[in-house]
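Q: I am new to this structure and should be grateful for a close look at a single part of it.
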Amino acid sequence: MLRHFMALLTLLLLSAPGLVPVAAHAQGADTPAIDRSATGGAQTLEDIMRRQRGETIDDSFRSDNIGGNAVMAPGLGPLGGASDPELWRALRYNKADVTVSTGDDVGKVLMTDGGLKWLTWREGRLQIWGFWMVVGTAGGLLAFFLLRGRIRIDGELTGRTVTRFKAIERFGHWLLGISFLVLGATGLFVLFGRKYLAPVLGKEFNANLLAFSKVVHNNVAWAFMLGLIMVFVMWVVHNIPNRSDITWLRQYGGIIGSAHPPAKKFNAGQKMIFWSVVIFGAVISITGLSLLFPYRFVFLADVYALMNDWGLMALVGLEERFDMTAQEQMQMAQAWHAMAAFILMMIVTAHVYIGSIGMEGAFDAMGTGEVDEAWAHQHHSIWLDEVKAAEAGKTGEAKPSDATPAE
Amino acid sequence: MKTIFAGFAAMIVIALGAGYALDRAGFSTAEQSAGENVRLD
């Protein structure tokens, strides 16, 4: 009874942020057009106020007003058909023909407003959503544990064990897992440090912690990528969906209820974890490489163009972005990196739960690599039969060779 | 449990190795963001 009460209380506490009304900006199609007749078509106070309120504004009246192209017209001076304000607007919207001594596109960007959008998002929504994703998953699992309890092994242990994962498989798993934990912790420090750690621990300590976190994060990233490649190569064959997954899913994998659906080496739940780790791990790795080598591995504008060709941009509600500067592409790389990392944190938290306190005997599979036959029969019966059949086959082949030849 | 420690040790070795190798190869932020005329040492 107390367990159920605690579960209910946990769920209530977790739903509390959802009860708080969120102020929404009134913006969009119903916003009235601005009358700029008083300024002769130039910017008005209302334009500035709308921008400061964070509303979506159409500033093409400024961005397109960058002078004519009568550069060669006689008697117009060095600016040709453009005036000083028009030149500054061209610089403001990255439309000026700029030549810089560095010779690269990065140096040509003198002004960009993408940075402010990104900073506002990073310090606002990303932190709030990220926090609740991690805390919500942990709280949800706690509630589930209180309701469901530990998934026990039915009946007695047999005392006979079977090798579930070889040493190289466990090594790859732990290389990936431990490096993800380190990267997750250091990444969270970097994201939340200035706002939440500095006021508590002091700016000096926070600065040192974040500098250390950055070095650790940048270098441990390689271990994560190696672990990801190892895990993918070793297990991809076992994670191709098959018919037994449907049965497993229909019975909720025995996680809800008391059924023990048959499964091969990996059940449908584990396959979902595997593909999530591969996909989100790949997103984290590719965007991470972009962040590791700033401005030397910039690719998101091309990805966005490709997504737009496939109609995916509209599908996920993203605006079409073909004119992204290299700086904005770096900001986007950080955004995708962080979002994928938070999603993977949620999934990995659930994985850690079910592989430790959530299920009796599960940790042995990755701890020693040996699992009791009773556990294997309960959770991976098809795989156990395959292993036994293979062992019997080996034994059957071995016997004749062991026998002394008649000659 | 040995593989857990092996994974942990490998992570440290890879991280130290990557840091050293990239620094030697001139991929440090200081070197990447500075021109030839800037003395870093």
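Against which helices do the buried residues of α11(A) pack?

A: In this predicted model, the buried residues of α11(A) pack against α9 (203-235), α10 (243-250) and α14 of chain A. Helix α11 itself covers residues 268-292 of chain A, 25 residues in number. From its first C-alpha to its last it reaches 35 Å, close to the 36 Å expected at 1.5 Å a residue. Among its buried residues are Val277(A), Phe280(A), Gly281(A) and Ile284(A).

These four residues also appear in the surroundings of Leu344(A): residues up to four places away in sequence aside, Leu344(A) touches Ser276(A), Val277(A), Phe280(A), Gly281(A) and Ile284(A). Leu344(A) is, in turn, one of the residues with the most contacts inside the largest nonpolar core, which has 34 residues; Val220(A), Ala223(A), Phe224(A) and Met11(B) are the others named there. Two or more residues of this core come from each of α8 (167-201), α9, α11 and α14 of chain A, and likewise from α1 (2-24) of chain B. The largest share, 10 residues, belongs to α8(A). A second, separate core of 12 residues includes Trp248(A) and Trp383(A).

Helix α14 of chain A spans residues 326-355 and also holds Gln331(A). Gln331(A) is partly exposed, because 19 other C-beta atoms lie within 10 Å, whereas a buried residue needs 20 or more. Beyond its neighbours within four places in sequence, Gln331(A) is in contact with Gly114(A), Gly115(A) and Trp118(A).

Finally, where the two chains meet, 12 residues of chain B are in contact with 13 residues of chain A. The side of chain B that touches chain A comprises 9 nonpolar, 3 polar and no charged residues.

Conventions: Residues numbered from 1 in each chain as written. Chains lettered and ligands numbered in written order. Predicted model: local features only at pLDDT ≥ 70, side-chain atom pairs only at ≥ 80, totals over all residues. Helix = DSSP H or I, 4+ residues; strand = E, 2+ residues; numbered from the N terminus. Contact = placed C-beta atoms within 7 Å. Nonpolar A, V, L, I, M, F, W, Y, C, P; charged D, E, K, R; others polar. Expected span 1.5 Å × (residues − 1). Core = buried A, V, L, I, M, F, W, Y, C linked by C-beta atoms within 7 Å.
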